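Please look through the model below, beginning with its sheet and helices and ending with the contact between chains. The text that follows takes these topics in turn.

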Amino acid sequence: MKDNTKQTGSVEQPGQTASDTSEAGSGTKVREREVTMPHRDPNNPYAFPALMPSSADKAIRSFSPDAFSIPTKAQDDWRFTPIDRIDEFFHVFEPSGKTKVEVSGIDGSNLDPDLVEVSEVPKTQAPSGTILKPNDRVSAVEWASQATAHVVHVKGENPTPVLVKITGGGLDMDALHLVIVADDRTHADIVIEHEGQARIAEGVEITTGKDSHVSTTFVQEWTPDSKHVGNHRIHVGEGASLRHSMVTLGGSFVRIRMDQEFGGNKGDLNMLGIYFVDPGEHVEHRTMVVHNYPECKSRVVYKGALDGKGAHSTWVGNALILPSAPVTDSYELNRNLVLTPGAIADSEPNLEIENGNIIGAGHASSVGRFDDEELFYLESRGVSEREARKLVVRGFFGELVEEIGITAIRDHLMGVIDRRLSRGEDEQMRHVLEEN
Amino acid sequence: MATLEIKDLYASVETKEGKKQILKGVNLTVHSGETHAIMGPNGSGKSTLAYTLAGHPKYEVDSGQALLDGQDILKMTPDERAKAGLFLAMQYPVEVPGVSMTNFLRTAKTEIEGKAPAIRQWTKDLNASMKRLRMDSKFAQRSVNEGFSGGEKKRAEVLQLELLKPKFAIMDETDSGLDVDALRIVSEGVNRAKENTDLGILMVTHYTRILRYIKPDIVHVFSDGHFVKTGGPELADELEETGYDRYLPQGADSESALA
């Protein structure tokens with residue numbers, strides 16, 4: 001424990017410096033581009049929100065668990081979370097080390113070491129620990145509990161998607177730290193698959209270089225008794241595009257929080273999420289997108305289906321547009337399809353816009369059941385109600401699955417979704433029919 | 001030769017003010033190969049008749065029957081009615097995001113035929129029908145009705161009519177929102193379906209415009225929830241001249257007269 005605190009201190013310094021530099025850099029860019037910033041009006045502080053004090057990103061960031069109090073329902077970040085189900089992750093623990101990490105091509109092939117370097121390093125060795133800082137107690141506990149980090153370093157043109165297969169090591173608590181680094185101008189697709197039985201705290205750092213085009217797709221297909229608390233810290237390089245997809249299809253408790261920043265102008269972040277929640281499961285995704293440079297674009301689109309009593313999903317989408325980020329284009333959307341009565345979907349978009357000179361900062365959020373008109377249209381063409389429901393749910397997810405853009409993943413996901421749908425229809429669908 | 005026989009049909013809709021009866025004793029017999037035009041003012045219940053026959057859950061049948069070759073379709077689910085041979089071309093076709101036209105059409109065809117169509121023949125038929133309706137082949141890959149223009153939606157309805165080959169089709173204001181060219185293309189499609197499969201047609205419309213392209217054998221005036229007059233094609237011309245006023249119940253306002 002004492003040792004962990006010391007290590008913490010050593011990585012906090014570079015993190016701080018990086019953030020200071022980015023602030024200074026953006027200031028210069030703004031002046032160069034002659035973007036007019038608003039001036040204060042003493043009579044009307046609301047006239048120029050950019051000059052209002054920022055409230056969104058004052059939350060603590062630290063590698064030290066003790067910097068954060070024990071989560072309670074009274075804290076905004078935890079109010080949707082059934083915290084009593086994960087209180088084992090609130091204190092530093094001895095990880096079991098049983099989680100297995102294997103890296104290969106998505107077709108099982110060996111990787112070209114010129115394109116993908118895989119290593120396991122002490123966690124304090126850069127780039128590990130350099131991308132932002134933990135933002136809540138469980139993330140800091142993850143950092144403090146494990147000693148090493150798995151690093152996947154991609155460069156150049158990667159023709160084959162990289163598969164990082166993470167297999168849970170059972171219900172003994174484990175911690176895992178994964179760092180994904182993409183060099184400047186890299187093209188790569190990385191798929192991170194989680195499966196098996198697990199009780200895991202996972203930290204992920206992603207940093208992409210200038211003008212790189214990278215996708216990272218995280219799939220959670222844990223056993224129904226598994227727990228997973230996760231934290232992603234993401235840095236999108238100047239002129240780079242990152243498609244960050246999150247697919248959560250199984251697990252008793254999954255809570256993943258994602259923090260992001262841009263590293264320069266014209267970054268493009270596309271966050272996609274798909275989740276399917278079964279009775280009694282809690283699935284929570286929290287995204288924090290920070291526009292800190294000019295002319296960056298972000299899209300956050302999360303869609304979930306909830307099936308059965310006590311199925312609970314939470315999506316909280318935070319977006320912060322700083323004064324240093326003129327010509328920002330951002331949009332976030334969350335849709336929930338409640339398949340059967342008794343499920344709860346919490347959906348909360350939060351926007352803080354501190355800059356009047358933007359292209360857009362939209363958001364949309366909905367929780368709904370099947371659209372009767374859609375079902376009737378399909379049925380009136382001879383499609384049975386059961387098949388019509390399947391078609392609608394497939395369609396609901398299909399658009400996003402298409403966008404993930406990796407054939408192997410697309411086919412796999414649609415297969416999983418189909419299996420879930422045919423499993424649901426026998427028991428769950430009947431309840432709907434009876435109750436309506 | 002098939003027969004659709006509507007007998008003394010009463011149906012209601014649930015409104016904020018409570019249950020409201022819309023159909024008040026509808027009687028009509030349609031045979032294969034016949035085209036019936038159902039004309040009437042706004043709010044007379046024409047669309048309610050169309051949706052009640054197709055089985056929309058919003059409408060509740062109070063009494064009466066609709067026999068398709070002796071089988072009461074009102075006792076069936078909407079998909080069973082479609083399988084029995086009924087087709088409703090909707091005035092406002094519904095968008096179904098994420099479901100491609102091609103997937104949807106093939107699923108519907110499979111359900112109606114009871115088996116999947118042979119892929120080669122199906123693709124050929126689909127492409128030929130789309131070409132005749134001047135639909136771009138990219139259409140098949142788009143989501144059902146999503147982002148389609150008004151005219152594209154109506155073409156897509158007629159495409160389904162041609163491919164699913166029902167015994168009877170209810171065309172609910174298929175002419176609304178179409179320009180002259182689209183109206184001609186859509187009408188040709190309906191006429192083709194009639195020629196190829198001896199389709200019986202119930203054409204619900206306000207205007208006589210579409211009747212120049214799809215010639216009705218029988219014209220009915222629908223008002224206040226039932227048929228009030230039946231005649232030959234000349235009745236349509238008469239309505240064009242004089243309007244619906246004389247067929248309205250005493251003291252009622254005609255929306256079309258006001259418009």
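Which strands of chain A does α4(A) lie across, and at about what angle does α4(A) run to β14(A)? In this predicted model, α4(A) lies across β8 (213-222), β10 (241-250), β12 (268-277), β14 (297-306) and β16 (329-338) of chain A, and the angle it makes with β14(A) is about 145°.

Those five strands belong to an open sheet of nine strands in chain A, whose order is β1-β4-β6-β8-β10-β12-β14-β16-β18 and whose pairing is mixed. At the edges stand β1 (100-105) and β18 (360-368) of chain A, each of which pairs on one side only. Direction ignored, neighbouring strands of this sheet are turned against each other by 10° on average. In general terms, the strands of a sheet are joined through backbone hydrogen bonds, in either a parallel or an antiparallel arrangement. One of the pairs here is that of β4 (residues 162-167) and β6 (residues 187-196) of chain A, which run in the parallel sense and are linked over six bridges; within this pair, A:Val162 has A:Ile190 of β6(A) as its bridge partner.

A UniProt record, an unreviewed entry, lists residues 173-396 of chain A as "domain: SUF system FeS cluster assembly SufBD core". Over residues 173-396 of chain A, strand accounts for 62% of the chain and helix for 9%, while the end C-alpha atoms are 35 Å apart.

Turning to the helices, α3(A) and α4(A) pack with their axes 9 Å apart and at an angle of about 125°, and they are therefore oblique to each other. Their crossing is right-handed. On the side of α3(A) the contact is made by A:Glu374, A:Leu375, A:Leu378 and A:Glu379, and on the side of α4(A) by A:Glu385, A:Ala388, A:Arg389, A:Leu391 and A:Val392. By class, the residues of this contact between α3(A) and α4(A) comprise five nonpolar and four charged, with no polar residue.

These two helices also bring the reader to the second chain, since 21 residues of chain A are in contact with 22 residues of chain B. On the side of chain A that touches chain B, the elements giving two or more residues are α3 (372-379) and α4 (385-404) of chain A, and the largest share, nine residues, comes from α4(A). Sorted by class, that side of chain A has nine charged, seven nonpolar and five polar residues. Helix α4(A) thus appears twice in this account, as the element that lies across strands of the sheet and as the source of the largest share of the side of chain A that touches chain B.

Terms used. Residues numbered from 1 in each chain as written. Chains lettered and ligands numbered in written order. Predicted model: local features only at pLDDT ≥ 70, side-chain atom pairs only at ≥ 80, totals over all residues. Contact = placed C-beta atoms within 7 Å. Helix = DSSP H or I, 4+ residues; strand = E, 2+ residues; numbered from the N terminus. Nonpolar A, V, L, I, M, F, W, Y, C, P; charged D, E, K, R; others polar. UniProt positions renumbered as here; feature names shortened; annotations may be inferred. Pairing = 2+ DSSP bridges. Axes fitted to C-alpha atoms, helices over the stretch in contact; angles between N-to-C directions. Parallel < 35°, antiparallel > 145°, perpendicular 65-115°, else oblique. Left-handed = near helix turned anticlockwise from the far one by under 90°.
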